[in-house]
Amino acid sequence: MESTGIFRKIDELGRIVIPKEIRKKLKIRDNDYVEIIISNDTIGLKKYSKIKELSTFAQQLTDIVYSYTNTEMFITDKYNVIAYSGNNKKKYLNTEISKELFESIERRESIMQNHIKTLKINSNEEIKCSFVMDSIISSSDSIGIIVMYSENKILSNHEMNILKIINSFLNKYLED
């Protein structure tokens, strides 16, 4: 761990304020969770993603769905793509999501775009495609999003129903 050279006093309720510059650097926003880590005489804070704990499971799930639908799909937490199945896996897996996807998560969106429109997965690229997306809500918190997209076929209610099933399945595991 590196020292920041920043010191804070603990208040009478045992609280400290994480300085704005550290929150900004680590992209910790209001209402985000942090994990408290203890090692010997050191207390550390780590940005916490409830859904990231399921990334291996989420990857297996997207791989199975992709094997049947042959449609690109991915699952994110609030900041990164944590599971991706399809031709662009190397390009997008574990990358930071776009501002537009982050805002969709915050708005708890469920969208079916059954015509060609622009989808921004990360801040570098736009894809012209048909897509469906469904926000992942757990314990009343919006924690990620599931997206299926195709550049050469129009997606329908069928793909949206698949996302709803995956979302329900993930929520079952997140609640346990």
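This short talk goes through the pockets, the aromatic pairs and a handful of individual residues in the structure above, which is a predicted model.

Let me begin with the pockets. The largest pocket holds about 1,200 Å³ of space, and of the 28 residues that line this pocket, those closest to its centre are Ile16, Ile18, Ile22, Ile43 and Leu45. If you want to follow the lining along the secondary structure, the elements that contribute two or more residues are helix α1, at 20–26, and the strands β1, at 33–39, and β2, at 42–48. Among these, α1 gives the most, with four residues. As for the chemical character of the wall, the lining of the largest pocket divides into 15 nonpolar residues, six polar ones and seven charged ones.

The second largest pocket has about 440 Å³ of space, and here the lining consists of 23 residues, of which Asp32, Tyr33, Tyr48, Lys78 and Tyr79 are the closest to the centre. At least two lining residues each come from β2, from α4, which covers 99–106, and from β7, which covers 141–150, with β7 supplying the largest share, namely three residues. Sorted by class, the lining of this second pocket comes out as six nonpolar, five polar and twelve charged residues. Strand β2, then, appears in both accounts, since it gives two or more residues to the largest pocket and at least two to the second largest.

Tyr79, which we have just met close to the centre of the second largest pocket, also brings us to the aromatic residues. How many aromatic pairs does a search of the whole structure find? There are five of them. In one of these, the ring centres of Tyr79 and Phe102 lie 5.9 Å apart and the ring planes meet at 20°, and because planes under 30 degrees apart count as stacked, this pair is a stacked one. Tyr79 sits in the loop between β3, at 72–76, and β4, at 81–85, while Phe102 belongs to helix α4, so the pair ties together parts of the chain that are 23 residues apart in sequence. Both partners are buried, Tyr79 with a relative accessible area of 10% and Phe102 at 15%. Elsewhere, ring pairs link Phe74, Tyr84, Tyr92 and Tyr149 into a cluster.

I would like to turn now to two serines. Ser98 is found in the loop between α3, at 89–92, and α4, and with a relative accessibility of 1% this serine counts as buried. Its side chain reaches the backbone oxygen of Lys120 at 2.6 Å, and once the neighbours within four places in sequence are set aside, Ser98 is in contact with Lys120, Ile121, Asn122 and Ser123.

The other serine, Ser130, has its place in strand β6, which covers residues 127–138. Is Ser130 buried or exposed? Its relative accessible area is 0%, and therefore Ser130 is buried, the limit for that class being under 20%. A polar atom of the Ser130 side chain lies 2.9 Å from the backbone oxygen of Gln113. Beyond its neighbours within four places in sequence, the contacts of Ser130 include Gln113, Asn114, His115 and Ile116, as well as Met148, Tyr149 and Ser150, and Tyr149 is one of the residues in the aromatic cluster I mentioned.

Next, a word on backbone geometry. Asn70, in the loop between α2, at 55–69, and β3, has a phi near 55°, which is a positive value in a residue other than glycine, and at 57% relative accessibility Asn70 counts as exposed. Arg108, in the loop between α4 and β5, the latter at 110–119, likewise has a positive phi without being glycine, in this case near 60°, although Arg108 is partly exposed, with a relative accessible area of 42%.

Arg108 leads on to Ile137, which lies in strand β6 and, at 29% relative accessibility, counts as partly exposed. Leaving aside neighbours within four places in sequence, Ile137 is in contact with Arg108, Ser142, Asn167 and Asn171. Finally, Ile137 and Leu170 are 33 residues apart in sequence, and their C-alpha atoms are 9.6 Å apart in space.

Conventions:
Residues are numbered from 1 along each chain as its sequence is written. This is a predicted model: local features need pLDDT of at least 70, side-chain atom pairs count only at pLDDT 80 or more; totals for chains, interfaces and linings use all residues. Side-chain values use heavy atoms; hydrogens and water are left out. On a 1 Å grid over the protein atoms alone, a cavity is a set of points where a 1.4 Å probe fits but cannot get out, and a pocket is an open set with protein on both sides within 12 Å along at least five of seven lines; lining residues have an atom within 4 Å of a point. Grid points are joined across faces, edges and corners, and a volume is the space filled by probe spheres set on the points. Ala, Val, Leu, Ile, Met, Phe, Trp, Tyr, Cys and Pro count as nonpolar, Asp, Glu, Lys and Arg as charged, and the others, Gly among them, as polar. Buried means under 20% relative accessible area, exposed over 50%, partly exposed in between (1.4 Å probe, protein chains only). A polar contact is a pair of N or O atoms within 3.5 Å; within protein, one must be able to donate a hydrogen and the other to accept it, and residues adjacent in sequence count only if both atoms are side-chain atoms. Contact means heavy atoms within 4.5 Å. Rings of Phe, Tyr and Trp (its six-membered ring) pair if their centres lie within 6.5 Å; planes under 30 degrees apart count as stacked, over 60 as edge-to-face and the rest as tilted.
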